[in-house]
Amino acid sequence: MTFGKRKYLDVNAEQLNISFEFFPPKTSKMETTLWDSIRRLEPLAPKFVSVTYGAGGSTRERTHATVERIVNETKLQPAAHLTCVSATKEDVDQVIHSYKDAGVKHIVALRGDPPEGVGAAFRPFNNGYEGSVDLIKGIKAISDDFEISVSAYPEKHPDSSGFDTDIDLLKAKIDAGATRAITQFFFENDHFYAFLDKVHAAGIDIPITPGIIPILNFKSMTKFAKASGATIPNWLNHRYESLENDPKTTQLVSTALAVEQVMDLVENDITDFHFYTLNRADLVYAICHLLGLRPKQ
Ligand code: FAD
């Protein structure tokens with residue numbers, strides 16, 4: 001038997017840009033979990049950390065409070081998510097002004113889901129922003145200094161009539177001022193590569209950052225994926241078989257899977273990654289470690 005060195009992918013961590021997404025906590029216990037996670041991930045020096053905006057603007061105050069605390073208590077650059085749902089332009093403008101006043105420099109501008117839920121037709125609120133493009137224009141009208149990120153969907157948005165519509169919309173978002181797109185999570189990298197081909201063929205050259213989600217609970221993820229337009233391939237189902245009541249093994253499997261996914265992306269020259277942390281640090285920390293990232297002072 002001959003012993004050889006296993007082939008390791010040589011990742012140049014210096015060339016990687018990572019970002020983390022959190023959601024605003026509902027309870028003081030959740031707040032502790034979130035802040036433990038932020039503190040653990042902060043030394044990995046992400047390019048930015050984003051904080052989501054609850055469906056229908058339901059977390060307006062909590063998102064703001066979390067973002068403001070990040071500004072005041074960490075060295076991190078926060079990006080505040082913002083949607084147009086169930087709010088007048090004046091309401092949304094007030095939120096944008098409050099971010100400007102708090103020193104926030106990055107907004108993730110989104111249309112958002114209709115109040116009736118995913119799949120219902122989106123209708124702008126009375127005198128509200130009409131969608132993501134209109135919202136970006138509103139942000140730009142208030143301040144030209146905001147960096148603006150937007151969404152992109154490698155497997156199409158559930159409302160989408162086709163990739164052409166999605167790409168046209170992405171172009172319109174860029175023309176309005178967006179400089180980065182963060183994708184919906186996906187499990188099959190081929191969806192992402194095919195999407196990148198379409199985006200590049202359309203002449204779009206802003207960074208399209210893949211959204212990576214380490215799975216904490218496979219059953220919840222399956223439901224979430226269905227609503228988000230992300231498919232669960234059969235091989236993924238197979239990997240979580242008989243782990244329903246085994247959260248520890250689930251997390252180990254999820255870390256391995258996310259590393260596998262990210263390493264394949266690295267091998268295909270992808271250097272930027274946005275991690276959906278679900279406010280938990282351990283899995284994401286381990287994945288980043290395997291990418292070669294180490295805590296910085
Ligand atoms: P858009 O990209 O503006 O549009 C979505 C789709 O709708 C398009 O792909 C297109 O198919 C169709 N569409 C829109 N306008 C038109 C038009 N004029 N003509 C034809 N078709 C059109 N939701 C939250 O509530 N809070 C969050 O914090 C949040 N963060 C997110 C972060 C990321 C990175 C992603 C990918 C999604 C996030 N979402 C969030 C979910 C998002 O709000 C929903 O997917 C929502 O349904 C669409 O918002 P959007 O900005 O992605 O929409």
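**Notebook: barrel and helices**

I started with two helices: α1 and α2 are oblique to each other. My angle classes are roughly parallel under 35 degrees, roughly antiparallel over 145, roughly perpendicular from 65 to 115, and oblique for the rest. The model is a predicted one, where local features need pLDDT of at least 70 and side-chain atom pairs count only at pLDDT 80 or more, while totals for chains, interfaces and linings use all residues. Residues are numbered from 1 along each chain as its sequence is written, and side-chain values use heavy atoms, with hydrogens and water left out.

**α1 and α2**

I looked up the axes of α1 (residues 28-41) and α2 (residues 60-73): they come within 13 Å and cross at roughly 40°. Helices here are DSSP runs of H or I with at least four residues, strands are runs of E with at least two, and both are numbered from the N terminus. Axes are lines fitted to C-alpha atoms, for helices over the stretch in contact, and angles run from 0 to 180 degrees between N-to-C directions. α1 passes α2 in a right-handed crossing; that is, the near helix is turned clockwise from the far one by less than a right angle, and anticlockwise would be left-handed.

Next I listed who touches whom, taking contact as heavy atoms within 4.5 Å. From α1 come Glu31, Leu34, Trp35, Ile38 and Arg39, and from α2 Thr66, Arg69, Ile70 and Glu73. I sorted these into four nonpolar, one polar and four charged. The nonpolar class is Ala, Val, Leu, Ile, Met, Phe, Trp, Tyr, Cys and Pro, the charged one is Asp, Glu, Lys and Arg, and the others, Gly among them, are polar.

**α2 and α3**

Then α2 against α3 (residues 89-102): the packing angle is about 15° and the axes lie 10 Å apart. So α2 is roughly parallel to α3. This crossing of α2 past α3 is right-handed. On the α2 side I found Arg60, Thr63, His64, Val67, Glu68 and Val71, which meet Asp91, Gln94, Val95, Ser98, Tyr99 and Ala102 of α3. The split for that contact is five nonpolar, four polar and three charged.

**The barrel**

I followed the strands round: eight of them close into a barrel, β1-β2-β3-β4-β5-β6-β7-β8, with parallel pairing. The average twist from one strand to the next is 25°. Strands pair if DSSP finds at least two bridges between them. β5 (residues 147-152) and β6 (residues 180-185) run parallel and share four bridges, with valine 150 opposite alanine 181 in β6. Helix α6 (residues 189-201) packs on the sheet there, touching β5, β6 and β7 (208-212), and its direction makes about 160° with that of β7.

β6 and β7 also pair in parallel, over three bridges; isoleucine 182 has threonine 209 in β7 as its bridge partner. How many residues of β7 are buried? Five of its five are, where buried means under 20% relative accessible area, exposed over 50%, and partly exposed in between (1.4 Å probe, protein chains only). In a regular strand the side chains alternate between the two faces of the sheet. In β7, Ile208, Pro210 and Ile212 are buried on one side, and Thr209 and Gly211 on the other.

**The two ends**

In α10 (residues 282-290) I noted Leu283, Val284, Tyr285, Ile287 and Cys288 as the buried residues. Their cover includes β1 (17-22), α1, α9 (247-267) and β8 (272-276). Just after α10, glycine 292 has a positive phi of about 100°.

Last, aspartate 10, in the segment before β1: it is exposed, at 75% relative accessible area.
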